[in-house]
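Below are some short notes for a colleague who has not looked at this structure before. Please read them with the sequence and the structure open.

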Amino acid sequence: MSDVLHKLPEFIGHHLALVALFLALLVALIVTQVLTLFRKYKELTPAGLTLLINREGPLLVDLSAYADFEKAHVPGSRHVAMSQFDPEQKDLAKAKDVPVVLIDKDGRTTGKAAQRLINAGFAKVYVLGGGVLAWQQAQLPIAKGKN
């Protein structure tokens with residue numbers, strides 16, 4: 001072990017770009033984890049969403065493009081276009097005390113919408129990590145069409 005510590009300064013001197021890249025990745029990883037800890041919504045796995053559906057009957061909001069929603073969506077979810085997503089809308093505002101799960105095709109766009117719900121006073125906000133694609137990969141049932 002002490003041999004490695006003695007050679008470390010020499011390694012760093014010869015591989016500055018590699019060390020800089022390693023440090024940048026390490027900082028990015030730490031920042032990502034810290035932000036995940038302090039966000040006010042929770043990310044669910046498909047199994048976690050199944051448990052939530054069975055236990056609490058959440059409102060499932062699918063923010064996917066309409067064509068993607070028609071191809072495949074979590075059964076019981078309602079489609080809302082991201083451009084029309086408004087936490088202050090009458091129907092959605094009634095659900096402030098009900099768990100709300102945001103879903104999209106691949107889990108990339110739900111974070112911003114979840115933060116908007118938190119800012120609007122929603123207490124229980126969740127997102128499906130990986131979206132409908134993760135749901136399908138878990139071999140859970142999907143619905144097709146408008147409903």
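1. Strand β2, residues 59-62, is a good place to begin, and this is a predicted model. The strand is covered on both faces. Leu59 and Val61 lie on one side and are buried; Leu60 and Asp62, on the other side, are buried as well.

2. Which strands pair with β2 in the parallel sense? One is β4, residues 100-103, which pairs with β2 over four bridges. Another is β3, residues 78-79, where the parallel pairing with β2 has two bridges.

3. Asp62 can be followed into both of these neighbouring strands. In β4, its bridge partner is Ile103. In β3, Asp62 stands opposite His79. Between β2 and β3 the chain passes through helix α4, residues 66-71, and the resulting β-α-β crossover is right-handed.

4. Thr110 belongs to helix α6, which covers residues 110-119. Is Thr110 buried or exposed? Its relative accessible area is 2%, which is under the 20% cut-off, so Thr110 counts as buried. With neighbours within four places in sequence left aside, Thr110 is in contact with Leu63, Leu102, Ile103, Asp104 and Val127. One of these contacts, Ile103, is the residue already named as the bridge partner of Asp62 in β4.

5. On the surface, please look at the nonpolar patch of about 740 Å². The residues that make it are Met1, Leu5, Leu8, Phe11, Ile12, Leu16 and Leu18. Two elements, α1 (2-14) and α2 (16-38), each give two or more residues to this patch. The most comes from α1, with four residues.

6. Ile12 is one of the patch residues, and its place is in helix α1. How does its exposure compare with the cut-offs? The relative accessible area of Ile12 is 32%, which falls between 20% and 50%, so Ile12 is classed as partly exposed.

7. Gln139 deserves a check of its backbone. Its phi is near 60°, a positive value in a residue other than glycine. Where does Gln139 lie? It is in the segment after α7 (131-137). The relative accessible area of Gln139 is 72%, and because this is over 50%, the residue counts as exposed.

8. To recap, β2 has parallel pairing with β4 and with β3. Thr110 in α6 is buried, whereas Gln139 is exposed and Ile12 is partly exposed.

Note on methods: Residues numbered from 1 in each chain as written. Predicted model: local features only at pLDDT ≥ 70, side-chain atom pairs only at ≥ 80, totals over all residues. Heavy atoms only, no water. Buried < 20%, exposed > 50% of the residue type's maximum accessible area, 1.4 Å probe, protein only. Pairing = 2+ DSSP bridges. Right-handed = clockwise from strand over helix to strand, strands pointing away. Patch = residues over 30% accessible without salt bridge, like charges linked within 9 Å, V, L, I, M, F, W, Y side chains within 5 Å. Areas by Shrake-Rupley, 256 points an atom, 1.4 Å probe, with all protein chains shown as cover. Salt bridge = Lys/Arg side-chain N within 4 Å of Asp/Glu carboxyl O. Contact = heavy atoms within 4.5 Å.
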